[in-house]
Amino acid sequence: MAPKHGLFNKSYAPENISERIYIDAKEHLLGKLASYVAKAILQGNKVVVFNCDKINIAGSFYRNKIKYLSFLRKRCNVNPARGPFHHRAPRCIFRRTVRGMIPHKTTRGQQALRRMKAYEDIPARYTSQKTMVVPLAMRMLSLQRGRKYCDVGRLSHEVGWKYQHVVKDYEARRLEREAKRAQRLKIRHKLTREANKKVKKVVEPYNQVLRDSGYYVPALV
């Protein structure tokens, strides 16, 4: 879990600032999480954000959809290909939110954006990576009880994102693999404990000789 007031402590030494931060964005508010990520990447941290489709936005779904449809109508009359570009994917929506909080037209801001990665799910190479949360950006602690909110994934799906079912299928398969892996580890630990109990009486005299000679011998669990 992150420190109370952000992604890092102010007491960090300069050589420790450039550490990589992995954030599970599930049930975080979009704006608050983006502000903490923007601050972190500007200070030199590399940030990886997972589950961008499960980020929450304060306000009802209908209200947020109307606002986003209004945003989609903003374009260049002379040549719409010049921009602005309206991304539908949740990771792109989050990235654009972070981009609006940093000086992205300067070299410093562009380098900061390169230090951030965002994903709708948890890629296979990151499945065993421990993630953190930002307490002050979580919906349960930031949004008043009873207030309406919506998911970025649903909003993206309604405005043209076509890969919601793909992400759901991949997430279901990932959870199934994690469950099987946890079951295998449970069986392995059980067999290890049983084996230790069997050999404990046999090796205990030899371990005692080693202890008497000054060597450290860990106890079998």
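Is arginine 139 buried or exposed, and what is its relative accessibility? In this predicted model, arginine 139 has a relative accessibility of 12%, so it counts as buried, the cut-off for that word being under 20%.

**Charged pairs**

Let us stay with this residue for a moment. Side chains of opposite charge can pair when their charged atoms come close. Arginine 139 does this with glutamate 27: the two form a salt bridge, and their closest N and O atoms are 3.8 Å apart. Where do the two partners sit along the chain? Arginine 139 belongs to helix α5 (residues 139-142), while glutamate 27 is found in the loop between β1 (20-24) and α1 (30-42), so the salt bridge ties together parts that are 112 residues apart in sequence. Glutamate 27 itself counts as partly exposed, because its relative accessibility is 31%.

The count for the model comes to seven salt bridges. The table shows some of them, including the pair you have just met.

| Salt bridge | N to O distance |
|---|---|
| Arginine 139 and glutamate 27 | 3.8 Å |
| Aspartate 53 and lysine 54 | 3.9 Å |
| Arginine 211 and glutamate 204 | 3.1 Å |

How covered are the other residues in the table? Aspartate 53 is buried, at 14% relative accessibility, whereas its partner lysine 54 is partly exposed at 26%. In the remaining pair, arginine 211 is partly exposed with a relative accessible area of 30%, and glutamate 204 is partly exposed too, at 31%.

**Around β1 and α1**

Now look at the elements on either side of the loop that holds glutamate 27. Strand β1 is mostly covered, with four of its five residues buried. Which strand does β1 pair with? Its partner is β2 (residues 46-50), and the two run in the parallel sense over five bridges. Within this pairing, isoleucine 23 has valine 49 of β2 as its bridge partner. Together, β1, α1 and β2 make a right-handed β-α-β unit.

You can check the helix of this unit with a little arithmetic. Helix α1 has 13 residues, and at 1.5 Å a residue they should span 18 Å; the C-alpha atoms at its ends are 18 Å apart, so the two values agree. Several residues of α1 are buried, among them Leu30, Tyr36, Val37 and Ile41. What covers the buried residues of α1? The elements include β1, β2, β3 (56-58), α3 (90-99), α4 (107-114) and β4 (116-118). Just after the helix comes glycine 44, which takes a positive phi of about 105°.

Terms used. Residues numbered from 1 in each chain as written. Predicted model: local features only at pLDDT ≥ 70, side-chain atom pairs only at ≥ 80, totals over all residues. Heavy atoms only, no water. Salt bridge = Lys/Arg side-chain N within 4 Å of Asp/Glu carboxyl O. Buried < 20%, exposed > 50% of the residue type's maximum accessible area, 1.4 Å probe, protein only. Pairing = 2+ DSSP bridges. Right-handed = clockwise from strand over helix to strand, strands pointing away. Expected span 1.5 Å × (residues − 1). Contact = heavy atoms within 4.5 Å.
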